[in-house]
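Thanks for sharing this one. Here are my notes on how the strands and helices fit together, in numbered points so you can follow along in your viewer.

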Amino acid sequence: MGFAEIIGQQQAISLLRQAIETERLPHALLFTGPKGVGRFLTAVTIAKTVNCLGGVKGDCCDRCPACLKIAKGIHPDVHLVAPEGATLKIDQIRNLAQQASLRPYEGRRKAFILDQAETMTEQAQNALLKTLEEPPGATLLILIAPEASALLPPIASRCSQLRFTPLPEDVIATRLQDQGCDEGEAHVLASLAGGSLGRAQELRTSPLQEIRDLVEQTFALAPGRTLPLLELTERVVRQKETLPLFLEALLAWCRDLMVAKVTSQEALLVYRSRAAALERQSRQLAPAQLLAMYHTVKQTRDGLGRYANPRLSLEVMLLKLRDLQAA
Ligand SMILES: [Zn+2]
């Protein structure tokens with residue numbers, strides 16, 4: 001429990017624990033990095049640690065009344081400030097400033113966790129500046145944002161920044177298995193999650209099986225026939241959520257085909273349970289074809305956010321893939 005709950009962020013955690021143990025924790029912290037890698041959990045753990053009644057050095061006990069209240073979000077000195085709607089607004093920051101000016105009610109330090117701090121409006125950031133410049137003694141501010149550059153420079157420069165890195169796939173897979181996921185599924189989820197445990201957990205509830213079927217159909221498209229291709233596009237774009245996942249899954253499949261081409265080590269595959277199919281397919285394709293297919297999918301995935309018409313780019317990609325397989 002406590003800091004041990006946070007996986008894969010040893011560097012950030014050891015710096016923080018050192019600062020806590022030597023009582024040099026800065027009054028304002030900025031946690032940067034992708035979503036779902038432990039920034040929020042770490043912020044909550046710090047809020048617990050500085051208010052814990054359990055007497056653990058440099059950590060929290062997760063059992064005392066203070067830790068339990070923080071976990072439930074009902075501790076009067078620990079505040080979560082999150083966007084209301086799309087942005088974090090000036091009224092929320094004014095409220096924060098007013099709360100910060102008061103002494104802690106029952107804890108040792110007042111802690112404010114600003115989640116998605118990058119959504120602060122400019123006015124909100126300017127309002128926060130004053131609290132950052134003259135922080136009341138017992139106040140701790142923890143800002144969470146993807147990048148320091150997502151905040152106004154005077155805000156970012158007044159916080160001590162700690163970078164949280166994407167998690168290695170095996171770390172994510174192991175944690176998923178600890179949470180009851182079977183090994184094959186954990187492996188696929190971890191490889192599709194882009195280093196984010198949070199994303200992997202979200203994906204657990206997505207229709208992975210259906211997506212894998214779609215991926216396999218993509219490689220079964222007969223040359224010269226367009227009707228199945230259009231049907232496939234239709235099925236993928238019907239659910240907005242499915243498209244990015246489909247492209248990730250397709251990319252993983254292409255990568256697996258390249259792996260299967262050069263080695264028979266199933267452990268290196270994302271889709272281990274489909275090793276036989278991958279082996280069969282990869283035998284029919286030349287390395288240059290496989291590489292071209294991989295790049296085609298990668299280009300489409302990378303460009304997804306920029307395309308005005310995802311349906312069209314998906315169709316173009318599927319056409320290219322079909323022709324590359326037939327080449
Ligand atoms: Zn405690």
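1. A word on terms before the helix pairs: axes are lines fitted to C-alpha atoms, for helices over the stretch in contact, and angles run from 0 to 180 degrees between N-to-C directions. Please also keep in mind that this is a predicted model.

2. Let me begin with helix α2 (residues 39–51) and helix α3 (residues 65–72), whose axes come within 9 Å and cross at roughly 155 degrees. Angles over 145 degrees count as roughly antiparallel, and α2 and α3 are therefore roughly antiparallel to each other. The crossing of α2 past α3 is right-handed.

3. Which residues of α2 and α3 make the contact? On the α2 side they are V44, A47, K48 and N51, and on the α3 side A66, C67 and I70. By class, the contact of α2 with α3 holds five nonpolar residues, one polar and one charged.

4. Now to the sheet. It is open and has five strands in the order β2-β3-β4-β1-β5, with parallel pairing. The edge positions belong to β2 and β5 (160–163); each has a single partner strand, so one side of each is left without a neighbour in the sheet. From one strand to the next, the twist averages 20 degrees.

5. Within that sheet, strand β2 (residues 78–81) pairs with strand β3 (residues 110–114) in the parallel sense, over four bridges. V81 has L114 in β3 as its bridge partner. Helix α4 (residues 90–100) joins the picture here, as β2, α4 and β3 make a right-handed β-α-β unit.

6. On to the next pair: β3 is joined by five bridges to strand β4 (residues 139–145), and the two run parallel. L114 is worth selecting in your viewer, since this residue pairs with V81 and also stands opposite L143 in β4.

7. Further along the chain, helix α10 (residues 208–218) and helix α12 (residues 242–262) have axes that come within 9 Å and cross at roughly 55 degrees. The two helices, α10 and α12, are therefore oblique to each other. α10 passes α12 in a right-handed crossing.

8. What does α10 bring to its meeting with α12? The α10 residues are I211, R212, L214, V215 and T218, and they meet T242, L245, F246, A249, L250 and W253 in α12. Sorted by class, the contact of α10 with α12 has eight nonpolar residues, two polar and one charged.

9. α12 also packs against helix α13 (residues 275–283), at an angle of about 80 degrees and with the axes 8 Å apart. At what orientation does that leave the pair, α12 and α13? They are therefore roughly perpendicular to each other.

10. For the contact itself, D256, L257, A260 and K261 in α12 meet L278, E279, Q281 and S282 in α13. The classes here are three nonpolar, two polar and three charged residues. For α10 with α12, by contrast, the count is eight nonpolar, two polar and one charged.

Technical notes:
Residues numbered from 1 in each chain as written. Predicted model: local features only at pLDDT ≥ 70, side-chain atom pairs only at ≥ 80, totals over all residues. Parallel < 35°, antiparallel > 145°, perpendicular 65-115°, else oblique. Left-handed = near helix turned anticlockwise from the far one by under 90°. Contact = placed C-beta atoms within 7 Å. Nonpolar A, V, L, I, M, F, W, Y, C, P; charged D, E, K, R; others polar. Pairing = 2+ DSSP bridges. Right-handed = clockwise from strand over helix to strand, strands pointing away.
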